[in-house]
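Biologist: Please take one part of this model and examine it closely. I should like a connected account of a single helix and its surroundings.

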Amino acid sequence: MLAVVAFPVAILIARRSAPVSLIEAVYSFPVPIVLGLLAIQQARRARERIARTLGRAGGARQARWGRRLGVIGIGIGVAGGLALGFYALLAGYSG
């Protein structure tokens with residue numbers, strides 16, 4: 001869940017804070033990628049535990065949602081990185 005909300009929170013802080021610009025907020029794009037990878041890793045460990053206990057441990061639905069949210073977080077981080085890259089490319093050609 002943190003992977004999904006990390007980037008939008010950084011942008012919200014940039015919009016409401018004078019010292020932080022939007023471009024500086026976009027530099028936080030690695031945060032959702034790292035958090036997304038951690039979420040996927042934890043979901044994998046949970047699925048392995050569920051398989052070891054033959055489903056008695058429970059939590060299959062939470063593991064599935066954790067993996068999904070991790071993938072979404074990675075997508076948000078990659079999109080932010082691409083946006084920053086294209087901005088740098090356009091800024092380089094315009095100036």
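Modeller: What follows concerns helix H1 and the parts of the chain around it, in a model that is predicted. Helix H1 covers residues 2-16. Its length can be checked: at 1.5 Å a residue, these 15 residues should span 21 Å, and the end C-alpha atoms lie 20 Å apart, which agrees.

The buried residues of H1 are Ala3, Val4, Phe7, Ala10 and Ala14. Their cover includes three helices, namely H2 (22-26), H3 (30-52) and H4 (60-94).

Of these helices, H3 may be taken in detail. Its axis is 8 Å from that of H1, and the two helices pack at an angle of about 175°. Because this angle is over 145 degrees, H1 and H3 count as roughly antiparallel to each other. On the H1 side, the contact is made by Leu2, Ala3, Ala6 and Phe7; on the H3 side, Val31, Pro32, Leu35 and Gly36 take part. By class, this contact has seven nonpolar residues, one polar residue and no charged residues.

The loop between H2 and H3 also belongs to this picture, since it holds serine 28. The relative accessible area of serine 28 is 18%, so this residue is buried, the cut-off being under 20%. Leaving aside neighbours within four places in sequence, serine 28 is in contact with Phe7 and Ala10. Both Phe7 and Ala10 are among the buried residues of H1, and Phe7 also takes part in the contact with H3.

Technical notes:
Residues numbered from 1 in each chain as written. Predicted model: local features only at pLDDT ≥ 70, side-chain atom pairs only at ≥ 80, totals over all residues. Heavy atoms only, no water. Helix = DSSP H or I, 4+ residues; strand = E, 2+ residues; numbered from the N terminus. Expected span 1.5 Å × (residues − 1). Buried < 20%, exposed > 50% of the residue type's maximum accessible area, 1.4 Å probe, protein only. Contact = heavy atoms within 4.5 Å. Axes fitted to C-alpha atoms, helices over the stretch in contact; angles between N-to-C directions. Parallel < 35°, antiparallel > 145°, perpendicular 65-115°, else oblique. Nonpolar A, V, L, I, M, F, W, Y, C, P; charged D, E, K, R; others polar.
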